Amino acid sequence: MAPTRKTDTNDRENRERHRSRYEESIRRHKIRKALYFGLGIVLLIVVIVAIKVTGDTKKYTTYKVKKSVDRSVSADAGCMAYAGSVLTYSVDGASCMDTNGSQIWNITYQMQNPLVDIRGEYVAIGDYNGDTLYVMNKSGKQGEIAVPMPIRRFSISANGYVAVITGNTSGQAIYVYSRSGEQVGYFHVTMKDSGYPFDISVSDQGKLIAVEYLYIEEAVSREGYMSRVAFYNFGSVGRNFNDQYVSGYDYSGEVIGCLKYMNDKNSFSLSPDRLVFYSGKEIPKTCKEIPLEREIRNYYYSDSYVALVSDSETSDHRYQVDVYSINGRKGSFQIDIQYDEIVFRGGYCLVYNNAECAVYSVSGQKIFQGFFDINVSLAMLNSKNSITIVSKDNIEVLQLK
């Protein structure tokens, strides 16, 4: 019987060794499989990044005219980019034309100094010191609003709400209207209590309104003036606050030159001293302050970026463009073009005047520079390699190559 017990013991040991080898083989297989999977993910990421970087940095040297259509406007008419189309306006009317040359809508009016504000597919047109606002979208006229005091400035939202600064010798007031003309908000403004309303901007959905007030009084600061940025909420949250005033920030000794909503949540203010970003869908808060050490010549903005133009500190270039988002500076680049405007499209911006243009990524990579073959009054960046240019007589779509 003893040899049998030994044989049984050996069998058990052999089975244990086989099982150990089998488990070890499975473990190594799983490790190899995990390593191969991880390596595949890494390679995929590398390929995606390489494709993106190559796409972002691809440069173009020339262009072809992909499409050209005729247009005819008066010599004194202005034009603006409007939701992929062209808005033309003058003292006696306005019209919208698509890039195929087809008229979308047309209105007539009589104004001395027409003001225009555009957000998304909505546009508001009113006369400075006038008493009527026209609200349009791609379908045509949506409302004609009678304003009880002379118009000073206004802002429209992406769904047609309009906030209007009005004023006369007796004081100032701010009115808020729906696109159909219904008054949905009002507050009286006095120089003593509020200061002078200098700028106004509405969030995309029209719920939040930002107002910049300027105080000119020796008591407010050593310099004798102060700017205040005030946010009003016309939604359910704002009803819990006095006069819908939900937050505000004072800037002693500063004159804020502009206050703009970029989208439904983010806005910014700009003074000679600083660029300030605010964020919040209900109660906006300061989220980024950027001190400015250079004198700013101009600013341009989109729903994601703000571009500040200053004189270049080098003799090789004319200007420097610094691009910021709410997270801070995205990029910087030097330009030599005597620019008329800078416009954004996604992560790219177009710098242009009536005769030439350049396209940059927001990180500062130049991908194209060239001359136009017509006298351009408006240019739109359709994508990083497509530009629409507008003259008094033509609309052309350029394909970069």
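Visitor: What makes you say that both faces of S4 are covered?
Guide: On one side of S4 stand Gly93, Ser95 and Met97, on the other Ala94 and Cys96, and all are buried, a word that means under 20% relative accessible area, whereas exposed means over 50% and partly exposed lies in between (1.4 Å probe, protein chains only). Since five of the five residues of strand S4 (residues 93-97) are buried, the strand is largely enclosed by the rest of the structure.

Visitor: What do these values rest on?
Guide: They rest on a predicted model, in which local features need pLDDT of at least 70 and side-chain atom pairs count only at pLDDT 80 or more, while totals for chains, interfaces and linings use all residues. Residues are numbered from 1 along each chain as its sequence is written, and side-chain values use heavy atoms, with hydrogens and water left out.

Visitor: How do you know that S3 and S4 pair?
Guide: Two strands pair if DSSP finds at least two bridges between them, and strand S3 (residues 85-90) shares five bridges with S4, in the antiparallel sense. Ser90 has Gly93 of S4 as its bridge partner, and a hairpin of two residues joins S3 to S4. As for the word strand, it stands for a DSSP run of E with at least two residues, just as a helix is a run of H or I with at least four, both numbered from the N terminus. By that rule the chain has one helix and 32 strands.

Visitor: What joins S4 to S5, and which residue in the turn has a positive phi?
Guide: The two strands form a hairpin with five residues between them, and in its turn Gly101 has a positive phi of about 90°. S4 and strand S5 (residues 103-108) pair in the antiparallel sense over five bridges, with Ala94 opposite Ile107 of S5. Another hairpin with five residues between its strands is that of S12 and S13, where Gly181 takes a positive phi near 105°. There strand S12 (residues 171-177) and strand S13 (residues 183-189) are antiparallel partners over six bridges, and Gln172 faces Val189 in S13.

Visitor: Why are S14 and S17 said to stand at the edges?
Guide: The sheet is an open one of four strands, in the order S14-S15-S16-S17 with antiparallel pairing. Strand S14 (196-202) and strand S17 (245-252) each have a single partner strand, so one side of each is left without a neighbour in the sheet. Within this sheet, S14 and strand S15 (residues 208-216) pair over six bridges, and Ser201 stands opposite Ala210 in S15.

Visitor: Why is Leu208 called buried?
Guide: Leu208 has a relative accessible area of 1%, so the residue counts as buried. Its place is in strand S15. Leaving aside neighbours within four places in sequence, its contacts (heavy atoms within 4.5 Å) include Ser201, Val202, Tyr232, Tyr261 and Pro284.

Visitor: Is Leu115 buried or partly exposed?
Guide: Leu115 has 24% relative accessibility, so the residue counts as partly exposed. Leu115 belongs to strand S6 (residues 114-119), and its C-alpha atom is separated by 5.7 Å from that of Ile125, 10 residues apart along the chain. Beyond four places in sequence, Leu115 touches Ala124, Ile125, Gly126, Tyr128, Arg152 and Phe154.

Visitor: What makes the pair of Ser271 and Glu254 a polar contact?
Guide: Their side chains come to 2.7 Å, and a polar contact is a pair of N or O atoms within 3.5 Å, where within protein one must be able to donate a hydrogen and the other to accept it, and residues adjacent in sequence count only if both atoms are side-chain atoms. Ser271 is found in the loop between strand S19 (266-270) and strand S20 (274-279); with a relative accessible area of 4%, Ser271 is buried.

Visitor: How many disulfides are there by the rule used here?
Guide: The count comes to zero, the rule being a pair of cysteine sulfur atoms within 2.5 Å. Among the cysteines, Cys79 counts as buried at 18% relative accessibility, and Cys349 counts as buried at 0%.

Visitor: What share of the chain is buried?
Guide: Buried residues make up 47% of the 401 residues in the chain.
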